[in-house]
Amino acid sequence: MSITNCKIHDLPKVEDRRGNLTFIEQEHHIPFQIRRVYWIYDVPGGQIRGGHAFKQQDEFIVALSGSFDVVVNDGEEIQTFSLNRSYYGLYIPNGIWRHMENFSTNAVALVISSTYFDETDYIRNFNDYRQWLKVAKK
Ligand code: TYD
């Protein structure tokens, strides 16, 4: 449950004068089994997404287009990762509070998840997160 475990991963980049190509392979580039992929797009200027933690879900976030910031918080420290290249991915293990902000026009956030969608896996209130951490860290 420490933000020191949140890491930017370099993804393969196949450069080509016809346009570049990047790919992701489960377990080679992402340290978990992929169960779900979703993407966030058409974000109006100034909007914030996220603002929660997951009890089980690990995730990997890529700025497929445009840019945005991912702010991670483990209840003790806060770190901001600026994603602005489609060949970088941010790994966030479970148990980390996070939100996304500063979306550029036409930004697309690809999120690769280790779990199927499950609303009960969310902690949506920061005080609840703090309480959950006390138990989870025991
Ligand atoms: P949420 O994860 O809260 O969005 P964000 O973290 O970007 O602010 O999801 C928003 C809504 O979409 C919420 O009602 C749950 C629903 N949802 C699904 O049905 N399936 C999914 O895979 C995801 C990620 C969200």
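Biologist: Which residue in β8 does D69 stand opposite?

Modeller: This is a predicted model, where local features need pLDDT of at least 70, side-chain atom pairs count only at pLDDT 80 or more, and totals for chains, interfaces and linings use all residues. Residues are numbered from 1 along each chain as its sequence is written, and side-chain values use heavy atoms, with hydrogens and water left out. Strands here are DSSP E runs of at least two residues, helices H or I runs of at least four, numbered from the N terminus. Opposite D69 in β8 stands S82.

Biologist: In which sense do β7 and β8 pair?

Modeller: Pairing requires at least two DSSP bridges between two strands. β7 and β8 (residues 78-83) share six bridges. Four residues lie between them in a hairpin, and G75 in the turn has a positive phi of about 90 degrees. The sense of the β7 and β8 pairing is antiparallel.

Biologist: Which residue in β10 is the bridge partner of V71?

Modeller: β10 (residues 97-101) pairs with β7 in the antiparallel sense, over five bridges. The partner of V71 there is H99.

Biologist: How many of the six residues of β7 are buried?

Modeller: Buried means under 20% relative accessible area, exposed over 50%, partly exposed in between (1.4 Å probe, protein chains only). F68, V70 and V72 point one way, D69, V71 and N73 the other. In a regular strand, side chains alternate between the two faces of the sheet. The buried count for β7 (residues 68-73) is six.

Biologist: Which residues does K137 touch, leaving out those up to four places away in sequence?

Modeller: K137 sits in the segment after α1 (126-136). Its C-alpha atom is 7.7 Å from that of M1. With contact meaning heavy atoms within 4.5 Å, K137 touches M1, D74 and E76.
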